[in-house]
Amino acid sequence: KEINTVFDLAIENSNKNTIVNCSNWGCYFNFNLSNKNKLPVVFADTIKYMKDLSLVSNKNKKNILHLCQSKYSETHIEPYENEYSLNTICNQEKLKEIYSTNNVLEIQSDAEVWKVFKIIP
């Protein structure tokens, strides 16, 4: 149920210069065709794809709202999971590195597992 909450939070914090990145299949599958606010919703789930998205974002002067799952429900399935089932790339410092910007802000919510970050190129 948190996916709906964080996706709605992302939509509330978007404008016409926003790309929404659902970096987990559970989020993307539900919202890629929603066309809420006519925003593009993409599925950049690996560091390589996120870096590619960053290039597109920079070129087009678009912000990214990055949705990610901070803790996995099943262990040893996801590529960026540590021994505590935490997603090692769903945090502000790592996203700064991946997206090559210091302008990464976490948008606060009461969700326990899902997070929303605003990346400004």
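Q: In this predicted model, how many of the residues of E3 are buried?
A: Strand E3 spans 63-69 and is mostly covered. The count of its buried residues is 7 of 7.

Q: Which residues of E3 are buried on the side that holds His66?
A: Both faces of E3 are covered. One side carries Asn63, Leu65, Leu67 and Gln69, which are all buried. The other side, also buried, carries Ile64, His66 and Cys68.

Q: Do E1 and E3 pair in the parallel or the antiparallel sense, and over how many bridges?
A: Strand E1 covers 18-22, and E3 covers 63-69. One bridge between these strands has Ile19 facing its partner Ile64 in E3. The pairing of E1 and E3 is parallel, over 5 bridges.

Q: Which residue of E5 stands opposite Leu67?
A: E3 is also joined to E5, by 6 bridges, and these two strands run antiparallel. Strand E5 covers 114-119. Opposite Leu67 in E5 stands Val116.

Q: Which element gives the largest share of the largest nonpolar core?
A: This core has 18 residues, and those with the most contacts inside it are Phe7, Val20, Cys22, Cys27, Leu67 and Val116. Two or more residues each come from helix H1 (2-12), strand E1, helix H2 (25-31), E3 and strand E5. The largest share is 6 residues, and the element that gives it is H1.

Q: How many residues are in the other core, the one that has Met50 and Cys68 among its residues?
A: This core lies apart from the core of 18 residues. Among its residues are Met50, Cys68, Leu95 and Val104. Cys68 is on the face of E3 that also holds Ile64 and His66. The number of residues in this other core is 15.

Q: Which residues of E3 does Val116 contact, once neighbours within four places in sequence are left aside?
A: The contacts of Val116 include Val6, Leu9 and Ala10, and helix H1 spans 2-12. Leu105, Glu106 and Ile107 are also in contact with Val116, and strand E4 spans 104-107. E3 spans 63-69, and the contacts of Val116 in that range are Leu65, His66 and Leu67.

Q: With which side chain does that of Asn24 make a polar contact, and at what distance?
A: Asn24 is in the loop between E1 and H2. Its relative accessibility is 12%, so Asn24 counts as buried. Beyond four places in sequence, Asn24 touches Phe43, Gln69, Tyr72 and Trp114. The side-chain polar contact of Asn24 is with Gln69, at 2.9 Å.

Q: Is Ser54 buried or exposed?
A: Ser54 lies in helix H3 and touches Ile64 and Tyr99, not counting residues up to four places away in sequence. Its relative accessible area is 7%, and the cut-off for buried is under 20%. Ser54 is therefore buried.

Q: What is the phi of Lys61?
A: Most residues other than glycine have a negative phi. Lys61 is in the loop between helix H3 (47-60) and strand E3, and is exposed, with a relative accessible area of 66%. Its phi is positive although Lys61 is not a glycine, with a value near 55°.

Q: Where is Ser100, which has a positive phi of about 55°?
A: Ser100 is not a glycine, yet its phi is positive. At 60% relative accessibility, Ser100 counts as exposed. Its place is in the loop between helix H4 (92-99) and strand E4 (104-107).

Methods
Residues numbered from 1 in each chain as written. Predicted model: local features only at pLDDT ≥ 70, side-chain atom pairs only at ≥ 80, totals over all residues. Heavy atoms only, no water. Helix = DSSP H or I, 4+ residues; strand = E, 2+ residues; numbered from the N terminus. Buried < 20%, exposed > 50% of the residue type's maximum accessible area, 1.4 Å probe, protein only. Contact = heavy atoms within 4.5 Å. Core = buried A, V, L, I, M, F, W, Y, C linked by side-chain atoms within 4.5 Å. Polar contact = N/O pair within 3.5 Å; in protein donor to acceptor, adjacent residues only side chain to side chain. Pairing = 2+ DSSP bridges.
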